[in-house]
Amino acid sequence: MACFLNCVRFDVSTTITDKPTSKESGVTCYRSWDDVEALTSNFSRLIGSGGYSSIYMARFSGSGSHKAALKVHVSSHRLYQVFRLELDILLRLKHPNIVKLLGYFDDSEENGALLLEYLPQGNLQEKLHSNNKQVLPWRNRTAIAFQLIQAIEHIHEKCSPQIVHGDIKSSNVLLDKNFDCKLCDFGSAKVGFSSMVQPPTMSARSRQVRMVGSPGYTDPHYLKTGIASKKMDMYGFGVVVLELLSGKEAFSVEKGEMLVHIAAPLIHEILDSSVDIAEENARQFLDPRLSSDSLDIDEVKTMLSVAALCIGRPPSLRPSATQVAETFIEKIPSLSFLGCGKGM
Ligand SMILES: Nc1ncnc2c1ncn2[C@@H]1O[C@H](COP(=O)(O)OP(=O)(O)OP(=O)(O)O)[C@@H](O)[C@H]1O
C-alpha cells in the first residue's frame with residue numbers, strides 16, 4: 001500500500017499559494033499580441049474549440065522547444081472576465097492532474113490568451129465517444145476516474161481559497177500521451193465563500209444564462225436553486241464515471257436522452273437496497289467494447305456505487321472528493337499496478 005500511495009496518490013498541498021505568483025511559478029507573461037501570434041505561427045492550426053474560446057497548437061520555448069496549446073478567449077468584455085477568472089485560478093494551482101499554465105497574454109480590457117501544456121490525446125469525450133477503433137481499456141478508465149477525483153479533491157480541500165470547478169464533464173478532461181488525465185477549463189469556477197452563495201442581485205434573466213450548464217452534467221439541485229457548491233462537481237464527476245462505465249454520452253443529441261436517465265434503474269437498485277448489485281445488471285450497463293477486456297466485476301460495482309452516490313439526492317448525502325478517493329484506494333486494486341495509465 002505504501003508503494004501504491006507513492007506511485008499514484010499525489011499530495012501537493014504545500015505548493016499552493018494564496019496569491020498568483022507568476023514569477024515564482026515560471027509562468028511567462030507575453031507583452032504584445034505579435035508575440036502571441038508568433039507562438040502559434042499565425043494561428044495556423046486549430047486543435048479545439050469551446051463556448052468561449054478557440055484553442056490553437058503553439059510552440060513554447062521554455063527549457064527547449066515544446067508543443068503547447070494556446071486558448072484564445074473570444075474578444076468581449078464579458079468573456080474577458082471569464083478569461084481573468086481562469087487565469088487567476090490557473091496561476092494558483094499546481095497539481096499533476098490539472099492542466100499546467102505556461103504563459104498568458106492580457107491586454108487588461110477585452111483580449112486574453114492562455115498558453116497551456118499540450119495534451120496530445122485530446123479530451124476524454126472524444127476518446128470515449130468518437131468512432132475510434134482504439135478502445136480505452138478498463139484499467140485506464142479506473143485510473144482516469146481516480147486521477148480526476150484527485151484533481152477535484154485538490155481544488156475542493158487542499159488549496160486556499162477553495163475552488164468549485166463548476167463544469168466537470170468529459171470534454172474538460174484532457175489526456176496526455178500515457179492517458180493520464182488533466183482537468184481543464186476553469187472559466188465557470190467559483191472561488192471561496194462566493195461558491196456557496198447565489199448573488200442576491202442576480203436578475204432572473206442572468207440567472208437563467210448562468211445556470212444552463214452542460215447538458216447531461218448539470219446537477220438538478222443547482223438548476224433549481226442556483227446555489228453552487230462542491231456537491232455540483234461531485235454530480236458532474238458521477239456522470240463522467242457513468243460515461244467511463246457505459247461508453248455512452250452524457251447526453252445523446254440524436255436520441256434526446258440523458259445518461260443519468262438510462263442509468264436510473266440501476267442507480268435506484270444501488271441506492272435503495274442494502275443488498276449487493278446483481279452482477280448481471282452491472283454487466284448489462286457496461287460498455288460492450290469492454291467485454292473482452294480482463295476486468296474485475298467488483299471494481300465495476302465499486303465504480304457504479306460511487307457514481308450512484310455522487311448523482312444521488314439530496315446533495316448533502318453525496319460523498320466528498322476525499323471520501324471517493326479513499327474508496328478507490330481501498331476497493332480498486334487494479335490502480336496499484338499502474339505506472340499511472342500506461343495501458344494503451
Ligand atoms: N491544453 C490542451 N491540449 C490539447 N487540447 C486542448 C487543450 N486545451 C483545450 N483543448 C481542446 O479544446 C477543447 C475546448 O477547451 P476548453 O474546454 O478549455 O474551452 P472552453 O471554451 O472553455 O469550452 P467550454 O465550452 O466547455 O466552456 C477541449 O475539449 C480540448 O479538446
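## Exercises on a sheet and a ligand shell

In this predicted model, helix H3 (residues 77–92) lies across E4, strand E5 (101–106) and E6, and runs at about 145 degrees to E5.

**Exercise 1.** Work out the order of the strands in the open sheet, and determine which strands stand at its edges and why one side of each is left without a neighbour.

*Solution.* Begin with the order, which for this open sheet of 6 strands reads E1-E5-E6-E4-E3-E2, with mixed pairing. Next, take the two ends of that order: strand E1 (28–30) and E2 each have a single partner strand, so one side of each is left without a neighbour in the sheet. Finally, consider the twist, for which neighbouring strands of this sheet are turned by 30 degrees against each other on average, when direction is ignored.

**Exercise 2.** Describe how E3 is joined to E4 and how E2 is joined to E3, naming bridge partners for Ser 53 and Ser 49.

*Solution.* As background, strands of a sheet pair through backbone hydrogen bonds, either parallel or antiparallel. Start with E3 and E4, which run antiparallel and are joined by 10 bridges. Within this pairing, Ser 53 has His 73 in E4 as its bridge partner, while Phe 60 stands opposite His 66 in E4. Then move to E2 and E3, which also run antiparallel and are joined by 3 bridges; here the bridge partner of Ser 49 is Ser 54 in E3. The connection between E2 and E3 is a hairpin that passes through 3 residues.

**Exercise 3.** Characterise the surroundings of the ligand by its closest residues, by the strands that supply the shell and by residue class, and then list polar contacts of the ligand's oxygen atoms with Ser 53, Asn 123 and Ser 171.

*Solution.* First, the ligand is surrounded by 20 residues, of which the closest are Gly 51, Ser 53, Lys 71, Glu 117 and Ser 171. Second, at least two residues of the shell are supplied by each of strand E2 (46–49), strand E3 (53–62), strand E4 (64–73) and strand E6 (112–117). Third, sorting the shell by class gives 7 nonpolar, 8 polar and 5 charged residues.

For the contacts, a side-chain N or O atom of Ser 53 is 2.6 Å from an oxygen atom of the ligand, and a side-chain N or O atom of Asn 123 is 3.0 Å from an oxygen atom of the ligand. With Ser 171, by contrast, a backbone N or O atom is involved, lying 2.8 Å from an oxygen atom of the ligand. To complete the picture, the ligand taken alone exposes 620 Å², and the protein buries 92% of that.

**Exercise 4.** Locate the cis peptide bonds that precede Pro 161 and Pro 314, and place the positive phi of Asn 42 in its structural context.

*Solution.* Start with the bond between Ser 160 and Pro 161, which is cis with omega about 0 degrees; Pro 161 lies in the loop between helix H5 (138–158) and strand E7 (163–164). Continue with the peptide bond from Arg 313 to Pro 314, which is cis with omega near -5 degrees, where Pro 314 belongs to the loop between helix H12 (297–311) and helix H13 (321–331). Lastly, Asn 42, although not a glycine, has a positive phi of about 60 degrees, and Asn 42 lies in the loop between helix H2 (33–39) and E2.

How values were computed
Residues are numbered from 1 along each chain as its sequence is written. This is a predicted model: local features need pLDDT of at least 70, side-chain atom pairs count only at pLDDT 80 or more; totals for chains, interfaces and linings use all residues. Side-chain values use heavy atoms; hydrogens and water are left out. A residue is near a molecule or strand if one of its heavy atoms lies within 4 Å of it. A polar contact is a pair of N or O atoms within 3.5 Å; within protein, one must be able to donate a hydrogen and the other to accept it, and residues adjacent in sequence count only if both atoms are side-chain atoms. Accessible areas come from the Shrake-Rupley method with a 1.4 Å probe; for residues, only the protein chains shown count as cover. Helices (H or I, at least four residues) and strands (E, at least two) are DSSP runs, numbered from the N terminus. Ala, Val, Leu, Ile, Met, Phe, Trp, Tyr, Cys and Pro count as nonpolar, Asp, Glu, Lys and Arg as charged, and the others, Gly among them, as polar. Two strands pair if DSSP finds at least two bridges between them. Axes are lines fitted to C-alpha atoms, for helices over the stretch in contact, and angles run from 0 to 180 degrees between N-to-C directions. Contact means heavy atoms within 4.5 Å.
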